[in-house]
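The following report describes a single protein chain. Please read it alongside the sequence and the coordinates.

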Amino acid sequence: MKPLILLTLLFTSMNVFAQQQTFDITTFTAPAGWEQKPSEAGIQFIKEDTTTGAYCVITLFKSAPATTNAKENFELAWTSLVKDMIEATDKPVMGASASEDGWEVLTGHINFEREGIKGVALLVNSSGFEKMVNVVILTNSDVFEKNISGFLESITLKKPGPAENNNSSVAGTWGISSVSASYTNMTTNQSSILKPYT
């Protein structure tokens with residue numbers, strides 16, 4: 001009887017760990033045991049080891065309007081979400097690009113030091129269907145590499161339907177949006193502005 005109970009508990013814990021969540025157009029599996037801080041602009045996943053000082057902050061941002069040029073979208077997101085936040089002066093080191101289901105993914109990272117805190121800032125920018133989704137990761141240790149990879153690999157993005165992606169007419173509801181982020185003492189503050197008009 002005891003092995004059966006243990007097996008049941010094991011499968012239950014596995015299901016909890018693998019439970020998917022959806023935010024805006026993004027479906028993902030959150031890192032197990034990490035603190036979550038949701039807001040209108042995005043969701044933060046935070047893990048800190050007070051013994052070693054290792055930390056990791058993953059921020060998934062709400063989708064934003066984008067151009068059809070993935071490089072331009074990445075540069076815009078880098079400036080507003082990373083460069084200004086950590087006051088970076090150097091250009092990011094770019095990774096290999098990837099394409100999947102109509103989405104083009106560009107990544108870039110940079111080492112930083114601000115207010116005595118050192119680490120690496122990584123931006124993952126996914127562009128497609130005139131939208132972009134951004135993930136910003138700040139960490140100072142490779143101990144979280146498995147968690148980061150697992151989270152990024154779990155992400156799937158919803159493709160807009162025909163009605164959502166029909167540009168044959170300018171009639172309808174339009175909007176101007178802006179997303180920004182600031183970083184202080186391992187806390188990322190996000191804000192977004194949306195001005196809709198018909």
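## Turns, cores and a pocket

E115 is partly exposed, because its relative accessible area of 48% lies between the limits of 20% for buried and 50% for exposed residues. The model in which this value was computed is a predicted one. E115 is located in the loop that connects β9 with β10, and although E115 is not a glycine, its phi is positive, at about 55°. Most residues other than glycine have a negative phi. D101 likewise has a positive phi, near 55°, in a residue other than glycine. The loop that holds D101 runs between β8 and β9, and with a relative accessibility of 54% D101 counts as exposed, since the limit for that class is over 50%.

### The chain as a whole

The secondary structure of the protein chain consists of three helices and 14 strands. Of its 198 residues, 36% count as buried, and the chain exposes about 12100 Å², of which carbon and sulfur atoms supply 55%. When contacts between residues at least 6 apart in sequence are considered, 52% of them join residues that are at least 24 apart.

### Two nonpolar cores

In soluble globular proteins, nonpolar side chains tend to be buried together. Here the largest nonpolar core has 24 residues, and the members that touch the most other members are V82, I86, A121, L123, V136 and L138. At least two residues of this core are supplied by each of β5 (54–61), α2 (70–86), β9 (103–114), β10 (117–128) and β11 (131–139), with α2 giving the largest share, eight residues. Another core lies apart from this one and is made up of 20 residues, including F45, A54, C56 and V133.

### The second largest pocket

How much space lies in the second largest pocket? The volume comes to about 760 Å³. The lining of this pocket is formed by 28 residues, and V105, T107, V124, L152 and E153 are the closest of them to its centre. Two or more lining residues come from each of β8 (98–100), β9, β10, β11, α3 (145–154) and β12 (156–157), and the largest share, five residues, is that of α3. By residue class, the lining divides into 14 nonpolar, nine polar and five charged residues.

### Three further positions

Three other charged residues, K47, D24 and E130, can be set side by side by their place in the fold, their accessibility and a C-alpha separation.

| Residue | Place | Relative accessible area | C-alpha to C-alpha separation |
|---|---|---|---|
| K47 | strand β4 (residues 42–49) | 33% | 9.3 Å to P31 |
| D24 | loop between β1 (20–23) and β2 (26–29) | 35% | 9.0 Å to F61 |
| E130 | loop between β10 and β11 | 39% | 9.8 Å to N73 |

K47 belongs to strand β4 and is partly exposed, because its relative accessible area of 33% falls between the 20% and 50% limits. Not counting residues up to four places away in sequence, K47 touches G33, W34, A54, Y55, C56 and F144. Among these neighbours, A54 and C56 are also members of the core of 20 residues. P31, whose C-alpha atom is 9.3 Å from that of K47, is 16 residues away along the chain.

D24, in the loop between β1 and β2, is also partly exposed, with a relative accessible area of 35%. With residues up to four places away in sequence left out, D24 touches K62 and S63, while the C-alpha atoms of D24 and F61 are separated by 9.0 Å, with their positions 37 residues apart along the chain.

E130 occupies the loop between β10 and β11, two strands that each supply at least two residues to the largest nonpolar core. E130 itself counts as partly exposed, at 39% relative accessibility. In sequence, E130 and N73 are 57 residues apart, whereas in space their C-alpha atoms are 9.8 Å apart.

How values were computed. Residues are numbered from 1 along each chain as its sequence is written. This is a predicted model: local features need pLDDT of at least 70, side-chain atom pairs count only at pLDDT 80 or more; totals for chains, interfaces and linings use all residues. Side-chain values use heavy atoms; hydrogens and water are left out. A nonpolar core is a set of buried Ala, Val, Leu, Ile, Met, Phe, Trp, Tyr and Cys residues joined through side-chain atoms within 4.5 Å. Buried means under 20% relative accessible area, exposed over 50%, partly exposed in between (1.4 Å probe, protein chains only). Helices (H or I, at least four residues) and strands (E, at least two) are DSSP runs, numbered from the N terminus. On a 1 Å grid over the protein atoms alone, a cavity is a set of points where a 1.4 Å probe fits but cannot get out, and a pocket is an open set with protein on both sides within 12 Å along at least five of seven lines; lining residues have an atom within 4 Å of a point. Grid points are joined across faces, edges and corners, and a volume is the space filled by probe spheres set on the points. Contact means heavy atoms within 4.5 Å. Accessible areas come from the Shrake-Rupley method with a 1.4 Å probe; for residues, only the protein chains shown count as cover.
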